[in-house]
Amino acid sequence: MTQAMDTLEEFAGQKYKYGFVSDIESEFAPKGLSEEVIRFISAKKNEPEWMLDWRLAAYQRWQTMHEPAWAKLNYPNVDFGDLYYYAAPKGKEGPKSLDEVDPELLETYKKLGIPLSEQEILAGVEPKNRVAVDAVFDSVSVVTTFKETLEEAGVIFCPISEAIARHPDLVRKYLGTVVPTSDNFYATLNSAVFSDGSFVYIPEGVRCPMELSTYFRINASNTGQFERTLIIAEKNSYVSYLEGCTAPQRDENQLHAAVVELVAMEGAEIKYSTVQNWYPGDENGKGGIYNFVTKRGDCRGDNSKISWTQVETGSAVTWKYPSCILRGDNSQGEFYSIAITNNYQQADTGTKMIHLGKNTKSRIISKGISAGHSQNTYRGLVRMHSKADGARNFTQCDSLLMGDKCGAHTVPYIESRNRSAMVEHEATTSKISEDQLFYCLSRGIDPEEAIALIVNGFCKDVLQQLPMEFAVEAQKLVGISLEGSVG
Amino acid sequence: MGEIISIDHLLRAATALQTDTAPWAGTLREQGREKFAALGIPNRWQESWKYSDLSQALAGVPAGTAVSRTLPCLDGAYVAFFENGVLDISRSALPDDYLVPLTDVLADSGSPFAGTIGRINGTEQKNHPILGLNTARMEQGFVLRVPKGETLSPPLHVRVNWTMDGAESLDGRHIRLLVELEEGAEATILETHGGTPGFATVVTELRLAQSAKLTHIRIDQLGGDARQSAVTLGELAGTAQYKGFYLSEGAYFCRHEALFELNGEDANVEIDGAFLVTGNSHCDNTTIITHAAPHTTSRQAFRGVLSGASKSAYQGCVKVRPDAQKTSAYQMSRALLLSKDARIATKPELEIFADDVKCSHGATAGELDGEALFFLRARGIPEEEARAMLVEAFLQEALDTIERPDLREVASGAVRDWLAVHATEVIHAG
C-alpha cells in the first residue's frame with residue numbers, strides 16, 4: 001500500500017485536472033452587492049422592467065435574512081460584500097456562431113472535454129446520440145449548440161437571459177413558482193443577482209430529440225456564480241438534462257449559489273443529472289468552491305415524474321438538497337446520489353420528497369463516501385401529507401468510511417400524516433469490507449484499483465441511473481476523488 | 001386561558017425551596033438557574049424540540065380528558081412512592097441500606113454524591129434546558145447506591161402519582177433520582193408515572209460502574225391533560241449493561257429522553273420501547289446514545305400504535321466518537337397509523353466519526369398490513385377482532401424483550417389495559 005501511496009503523492013498536484021485558469025479578459029460589475037449592482041446586471045442583460053423589480057424585491061428580502069447554520073458544516077463566514085456578482089468574458093455582444101467566440105474560450109471548453117463545436121459532434125457521433133450544450137462561463141452563457149435542430153422539434157433551449165428577452169411570458173409564468181424568491185438565504189440571493197443559466201421548454205407531447213447539457217465554469221477570481229435554470233416540461237413530454245461543473249484551482253474560496261427549478265406537467269418526465277466537480281480545495285483544505293444550491297422540482301400534473309441523479313465529488317463545502325414536490329396524483333420523484341468527500345471537504349446533502357397527491361411514489365438512494373478528514377452528511381425529509389392516500393416512499397442511505405479521521409452522518413426526517421402512506425427507510429454505515437479488499441488484492445489487483453472497484457460497486461445503483469455519456473465519466477471521477485485515501 | 005408561564009415564573013419558586021441546602025447543592029442549583037435562564041423554555045425552533053414545543057404546551061389549555069386508570073403494581077417490590085412530586089415515606093417501602101431521600105443528600109455538606117448529581121453524561125447535560133430547570137428546583141427524589149458486587153433484591157418500584165389539580169402544579173414540580181451501581185452491582189427498577197401534573201420534570205441519572213447491570217422499565221400512564229418532560233441520563237463503564245423498556249401512552253405534552261454515554265469497552269445499551277397514543281395526545285421518545293469507547297454496542301427498537309389525532313415523534317441519535325472503533329449500533333422504529341389524523345415524525349440520526357463500525361437504522365410508518373388482515377378474515381375472524389389481534393401481535397414483539405416474567409406481566413397488563421380502554425379507536429379504522 002505504501003508503494004501505491006508514493007506513486008499517488010507524485011501525482012497529487014495533478015489530481016484536479018480542471019484546475020487551470022483561462023486567460024480571458026473579463027468585464028466585471030463593481031465589487032460587492034447593492035441595488036446599483038443589481039441594476040447594472042439587469043441593464044447588461046437588457047432586461048424588462050418587471051425582471052428588475054423582481055430582482056430588487058428579492059434583494060430587499062435578502063437583506064432581512066440570515067445565513068442558515070443548521071447544517072453540519074463548518075466554514076468561515078462568507079463576506080458577501082467582497083465578491084464580484086457579475087463577470088463576463090469580454091468580446092462582441094452575443095456571438096452568432098462558434099466562429100465569433102473567443103478562441104481561448106473554446107480552448108477552455110476543449111480542455112474540459114466538452115464537445116462544443118458542432119462539426120466535431122457531427123463528425124463523430126450519430127445524430128440521435130448528440131448532446132446539445134449550453135456553456136456558462138462565469139456569469140454568462142457563452143454558446144448554445146444545436147439550437148436549430150431543437151427549434152424544429154419545438155424545444156426551446158437557450159440562456160435564461162435570452163429567454164427573458166424572447167419568451168418573457170413563459171419565463172414570467174414559471175420563474176420563482178417552484179423556488180420562490182423568499183425561499184431561503186441563498187435562493188433569495190440568487191434571485192437578486194442571477195446572471196445566467198439555462199432555460200428549457202419542452203412543448204406538449206414532445207420527446208426532446210437529444211440530451212440537453214449545461215457546463216458551468218467559474219473562471220474569474222473573487223467571483224460568485226449565480227446561475228438559474230428553469231426547465232418546463234409540458235403535458236406528456238420528456239427531457240433528459242445534464243449538468244457539469246468545474247472551476248480553476250485557487251487558494252481562496254469561491255461561491256456558487258445556483259437555483260434550479262423544474263416544472264413537470266401532466267404525464268411529463270424530467271430527468272436531471274449532475275456531475276459536480278467544482279474544485280474541492282487542496283489536500284490541506286485550502287481553497288475550493290462553496291456550493292450552496294437550491295434545486296427543486298414540482299410534479300405539477302398527474303402522472304408526472306422527476307428524477308434527480310447527482311454525483312457530488314467536488315466543492316469544499318456542499319449544501320444541496322434537490323427536492324420533489326409530488327403534487328399531481330400518481331406522480332413520482334426519484335433521487336439518486338453519490339457524494340464523495342476527501343481531504344477537508346464537507347458535504348451536507350440529501351433530498352426532500354413532499355407527497356401531496358394520491359398514490360405518489362418516491363425513491364431515495366443515497367451513497368455517501370467519506371475519506372481523509374472530510375465530513376459527509378445525508379440530510380433528507382420525506383413528508384406524507386394528509387391527502388397523500390396510498391403514497392409510498394423507499395429510502396436507502398448507505399455510508400462508507402475510509403480512514404479514521406473522517407465522519408459520516410445521516411439525518412433523515414420522516415413525517416407521516418396519512419395512515420395509508422407507506423414509508424420505509426434504511427441506512428447503514430460501515431467501512432470497506434476487509435474480505436472484499438483481500439479478495440481483490442489476492443488476485444493481484446493493486447489497492448487503489450481494488451478500492452475504486454469496490455466503491456464503484458457500492459455506488460452501482462446510482463451510477464446506473466446516469467446517461468451513458470456521464471456514467472463513464474462519473475465512474476472515473478469516483479476513482480480519482482478517492483485517490484490517496486487508502487491506508 | 002391560564003396564566004402565562006415564563007422562565008421567571010418557572011424559576012421563581014426555586015428561591016422558596018424549603019429544605020436547608022449544603023453549599024455545594026446551592027452552587028449546583030444556581031448553575032441550573034443560570035442555564036435555564038439562558039436557554040429558556042424549549043420551543044419548536046430548537047432542533048431537538050422541533051416536534052415537541054413545550055413553550056406552546058405550557059401556554060395551551062388541555063381539553064380535559066382525564067381517564068382514571070388502575071396503575072400497575074409490582075408484588076413484593078420495594079416502593080418509593082411520590083405523591084404530587086413529594087416522596088411519601090409512610091407509603092413507601094424503601095431499601096434503607098441503599099437509598100437516601102434527596103432532601104437529606106442536599107442538606108449534607110459532606111455528601112459523597114456531591115460530585116455525581118448533575119454530572120452524569122455531562123456532554124448532554126451542558127445545553128439542556130430541562131436539566132437546568134430541574135437542577136435549579138430539585139428537592140424531591142432519592143439517591144440509590146448499590147455497593148460493589150451486591151444485588152438490589154427485590155426490585156424497586158418508583159411510583160410517581162399526581163392527584164392534585166393540574167392548574168396547581170403548572171408552575172412546575174421537579175423530581176430528581178440518582179442511581180449508582182458500583183462494580184458488578186445489579187438492580188431492577190420499575191418507574192411508573194400516573195395522574196395529571198400541570199407540568200412536571202423528572203430527571204433520572206444512572207451511573208453504572210464496571211460490569212454493573214441495570215434493568216429499567218419505565219411506564220408513562222399519565223392523564224390526557226398532563227405535561228411532563230422526563231430525562232434519563234446514563235453513563236456506563238466497561239462491560240456494564242443497561243436494559244431499558246419504555247412504555248408511553250402520551251399526554252398533552254409527554255416527552256422522554258434517554259441520553260446515554262458508553263465509556264468503557266464492551267458496555268452495552270439495549271432499549272425497547274412501545275408507545276400507544278390516541279385522542280389529541282402527544283408523545284416524544286428521544287434518544288442519544290454516544291459510543292465513546294471501542295467495542296461498545298447499542299440496540300434500540302421502538303414501536304408505535306397511533307390513533308385519533310395524536311402526534312408522536314421518535315428521534316433516535318447514535319453518535320460514535322473518533323476512538324470508538326468496532327462499535328456496533330442498531331436502531332429500528334416502526335409506527336402503525338390507525339386513524340386518518342394521527343401523525344408520526346421519525347428522525348433516526350447517525351453521527352459517526354470512526355471508520356471501523358457497523359451502524360444501521362431502519363424506520364417504517366404505515367397502516368395495518370392488508371394481507372395479514374385478509375389472512376385472518378379468510379379464516380373467519382371478524383375484521384374488528386383481526387385488527388385487534390394484529391395490533392397486539394405488533395406490540396407483543398416489543399414486550400417479549402422484557403426478560404423478567406413479573407415485569408413483562410406489568411408491562412403487558414398496561415398494554416392490555418390501554419387496548420381495552422381504547423378498543424374503539426383500535427378496531428375501527430377512523
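Two strands count as paired where DSSP finds at least two bridges between them, and in this predicted model that criterion leads to the strands inside chain B and then to the contact with chain A.

Within chain B, a convenient starting point is strand β11 (residues 241-248), which is mostly covered, with seven of its eight residues buried. Strand β13 (residues 268-277) of chain B runs parallel to β11(B) and is joined to it by eight bridges; here B:Gln241 has B:Asn268, in β13(B), as its bridge partner. Strand β9 (residues 213-222) of chain B also runs parallel to β11(B), again through eight bridges, and in this pairing B:Ile217 is matched with B:Phe245 of β11(B).

Strand pairing also links the two chains, since β24(A) and strand β18 (residues 343-352) of chain B pair in the antiparallel sense over six bridges, with A:Ile414 standing opposite B:Thr346 in β18(B).

Turning to the interface as a whole, 31 residues of chain A are in contact with 36 residues of chain B, and the two chains bury about 2700 Å² between them, 48% of it on carbon and sulfur atoms. Three salt bridges are found across this interface, including one in which the side chains of A:Lys72 and B:Glu349 meet at 3.2 Å, N to O, and there are 16 residue pairs in polar contact, both residues of each being at pLDDT 80 or more. On the side of chain A that touches chain B, the elements giving two or more residues are β24 (407-416) and β25 (422-431) of chain A, and by class this side has 11 nonpolar, 12 polar and eight charged residues.

Methods
Residues are numbered from 1 along each chain as its sequence is written. Chains are lettered from A and ligands numbered from 1 in the order in which they are written. This is a predicted model: local features need pLDDT of at least 70, side-chain atom pairs count only at pLDDT 80 or more; totals for chains, interfaces and linings use all residues. Side-chain values use heavy atoms; hydrogens and water are left out. Contact means heavy atoms within 4.5 Å. Buried area is the accessible area (1.4 Å probe) that two parts lose on being put together, summed over both. A salt bridge is a side-chain nitrogen of Lys or Arg within 4 Å of a carboxyl oxygen of Asp or Glu. A polar contact is a pair of N or O atoms within 3.5 Å; within protein, one must be able to donate a hydrogen and the other to accept it, and residues adjacent in sequence count only if both atoms are side-chain atoms. Helices (H or I, at least four residues) and strands (E, at least two) are DSSP runs, numbered from the N terminus. Ala, Val, Leu, Ile, Met, Phe, Trp, Tyr, Cys and Pro count as nonpolar, Asp, Glu, Lys and Arg as charged, and the others, Gly among them, as polar. Buried means under 20% relative accessible area, exposed over 50%, partly exposed in between (1.4 Å probe, protein chains only).
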